[in-house]
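Here is a walk through how two chains meet and what sits inside one of them. Have the model open while you read.

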2 protein chains.
Amino acid sequence: MRDVAIIGAGMIPFGRRDEDTLLDMLSYAALKALDDAGLGDQSVDAVYVGNMGAGIIQHQTSIASSLVDRLNLLPAAADAVENGPASGGSAVKNALLAVASGYYDSALVVGGEKMREVTGWRATDFVATMTHPQAEYPYGITLPGMAGMFTRLYMQKYGVTREMLVAVALKNQEMGTLNPLAHVEMAISKDGIYDNQAAIVNNPVVADPLHLYDACPVSDGAAALVICALEKIKKPAKAPVLIAGFGQATDTHTLQERADPTDLKAVTLAAQQAFERAKLKPADIHVAELHDAFTILEIAESEHVGFFKKGEGGKAALAGKTRLGGQIPINVSGGLKARGHPVGATGVAQIVDIVFQLRHELPKDRQVANAANGLTVNFGGFGNNVLAFVLRRVDL
Amino acid sequence: MRDVAIIGAGMIPFGRRDEDTLLDMLSYAALKALDDAGLGDQSVDAVYVGNMGAGIIQHQTSIASSLVDRLNLLPAAADAVENGPASGGSAVKNALLAVASGYYDSALVVGGEKMREVTGWRATDFVATMTHPQAEYPYGITLPGMAGMFTRLYMQKYGVTREMLVAVALKNQEMGTLNPLAHVEMAISKDGIYDNQAAIVNNPVVADPLHLYDACPVSDGAAALVICALEKIKKPAKAPVLIAGFGQATDTHTLQERADPTDLKAVTLAAQQAFERAKLKPADIHVAELHDAFTILEIAESEHVGFFKKGEGGKAALAGKTRLGGQIPINVSGGLKARGHPVGATGVAQIVDIVFQLRHELPKDRQVANAANGLTVNFGGFGNNVLAFVLRRVDL
């Protein structure tokens, strides 16, 4: 299995992009990554698109074929990969293994979603298409509903408090205001969302005990990576970032079937696989992007990947250990919470943000000093299909 | 890059399967392939699902996560792959490269589609979601419409006649009646669809010059394969079939942009890549499954892959050269024309049929004697994303 590195990364601003089609967004992100890779006239051998909802939202299939045509990358092979909110991660995985196999030397991975074409209940319904088609969807469960029940159990078992959740929301929203690509640009204060009467209005309950500011927004967005066999990289435009480890694991589709629903086994397993491949351990990681579709998930994942013991993640967030400059900075980009969560884009966007970190090219107020190793966790379904990537800066 | 072989193959009867959900069909095909592989309690490392339309038709995403749960293959990695009517081929490709990379030792690939939940114009509209979202779909072009125009050009340039198209229809429908898994069970005669007044009623024009019997039916169905690194196969239950070569190429999304629309460049390129990898040539192939969504495509593909010179494919079909016992038997299964074309299933089903041939396990009236090498072509869009596989029997 050949080593594979990221040589190009690009992302378009997430948010409301009413003027762009899905294909526009995928193209813009792809061009940024291709340009970043400095490939010049060189093409890539294969294209992978991570997308969850083009069929449902855009009434469109074969989007990888459209994209490769639009980018004039013909006759490069092109496929779309779907794995719910982990579609981006799954696209990276398949590109990675294709290049690792030796069949292709290079690949472009683009993740994107245009979610704001559907609004109100239709947006929640779209996301709910990832629930079990017989055991969940017909009964009306939604992802915020699941997250609410999960949070209640986590609070009961591990003593997580609303204040800890709010600490995550404040940290990620603050970081989002510093990130020009983030969807959420609005600063919030503890006072405004937690402490006083105004908070009841500003931050209403969405799915008890989760409030509005515990959830990510519904966003349009796209992100892209160019990957290449390490042995084929001669004069890199920028420091390559090795995909040092990758892991993916599944769990029961429904939350109710898990012996302990607070135990996110697929997160644990995916991270273990990624660390094992990378020959690194949680303590070696300098910066992480975790899948904080809801604040509770950042806390739970920070424990399941091994940064903190079970029950310590919430306290760590409250103590500032996951802030920039803390023990392990998490979601310095703003995370899903503030960068936004265009579902098919997220798994790719997380890696793009880590690439920016490991290349040390971010402004001081967002750069983790001397970051060399990063981790991403892309969480599909409600933890039923999870991918983890360990990334390592390479100085050739 | 490790050699990868098929050790299990399974398919459920194609047709109308009103009683089954999509998940049922995927599960049944998967269980047949797993059983065929004789894995016993052994699991597989990864699952790949080929599907085009679950989002649109079933309003369902994350189907790979549902399937791996349903089959109790947890915590195996699972992704869905979409590439229009070549989704099945793309699922096989990604499973192949994942195992070839050394990351996984084994994988289950399941292709399936439940298309008969939508009827009438909605079925044609569903298929048309693979056309270009800005340059084609809004103008109402359908796949039969494209195929009709393509056929007219092919007739003009290469002298293909209606009689040659009918020869393909008769051959494939005749073979379909012998295949217990085929959708179309009805025998047809040249007299009934071509020669007399009754033919005008029985075989009306669909998209001039194509008639009803030039097109595949709209089917439900699923097919599955278990693949394994060749070096890991110890005591195979049945003769393994090596995936000796694979190729994939893209072409302009729209037919109109091609300098010569009769030139299916992606078919030529994909087949060339597959032959090159396999170190075989067209003359070495004993049996082929080509993507005859329309009769003209079997003729055109038989030329583009190199079985016949341009302009000779139609004559060869008329002369019986592509029948069982002929120079190169094509679509002995009945092809898409008679086995049916549940879009996500087709690329997998073609390979399943070749596996049955290369294992010499079919009844005499369908078995190509001593077949050792096979070819499949899975045609996405209108030739804008094509996969080809060269398969070789291995006697360990």
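A:E82 stands opposite B:A80, which lies in strand 3 of chain B. That pairing belongs to a bigger match: strand 3 of chain A and strand 3 (residues 77–82) of chain B run antiparallel and are joined by three bridges. Strands count as paired here if DSSP finds at least two bridges between them. Helices (H or I, at least four residues) and strands (E, at least two) are DSSP runs, numbered from the N terminus.

A quick word on what you're looking at: this is a predicted model, where local features need pLDDT of at least 70, side-chain atom pairs count only at pLDDT 80 or more, and totals for chains, interfaces and linings use all residues. Residues are numbered from 1 along each chain as its sequence is written, while chains are lettered from A and ligands numbered from 1 in the order in which they are written.

**Where the chains meet**

Zooming out from the strands, 51 residues of chain A are in contact with 51 residues of chain B; contact means that the C-beta atoms of two residues, placed from the backbone, lie within 7 Å. On the chain A side, at least two residues each come from helix 2 (54–58), helix 3 (63–70), strand 3 (77–82), helix 4 (87–100), strand 8 (241–250) and helix 10 (265–278). Strand 3 of chain A gives the most, with six residues. Sorted by class, this side has 22 nonpolar, 25 polar and four charged residues. In that count, Ala, Val, Leu, Ile, Met, Phe, Trp, Tyr, Cys and Pro are nonpolar, Asp, Glu, Lys and Arg are charged, and the others, Gly among them, are polar.

How do the copies relate? A turn of 180° and a shift of 0.0 Å along the axis lay chain A on chain B with an RMSD of 0.0 Å, so the two copies are related as by a two-fold rotation axis. The superposition is by least squares on the C-alpha atoms of residues with pLDDT of at least 70 in both. A:S101 is the residue of chain A that comes closest to the axis, at 1.8 Å (C-alpha). The copies meet through the same surface, because 100% of the interface residues of chain A are also interface residues in chain B.

**Two helices of chain A**

The expected span of a helix is 1.5 Å times one less than its number of residues.

| Helix of chain A | Residues in helix | End-to-end C-alpha distance | Expected span |
|---|---|---|---|
| Helix 10 | 14 residues | 20 Å | 20 Å |
| Helix 6 (residues 143–158) | 16 residues | 22 Å | 22 Å |

Helix 10 of chain A is mostly covered, with 11 of its 14 residues buried. Buried means 20 or more other C-beta atoms within 10 Å of a residue's own, exposed means 12 or fewer, and partly exposed is in between, with C-beta atoms placed from the backbone. Among the buried ones are A:L269 and A:F275. Their packing partners in chain A are strand 8, helix 11 (295–304), strand 10 (373–380) and strand 11 (385–393). After helix 10 comes A:K279, with a positive phi near 55°.

In helix 6 of chain A, the buried residues include A:F150 and A:Y154. A:G159, just after helix 6, takes a positive phi of about 70°.
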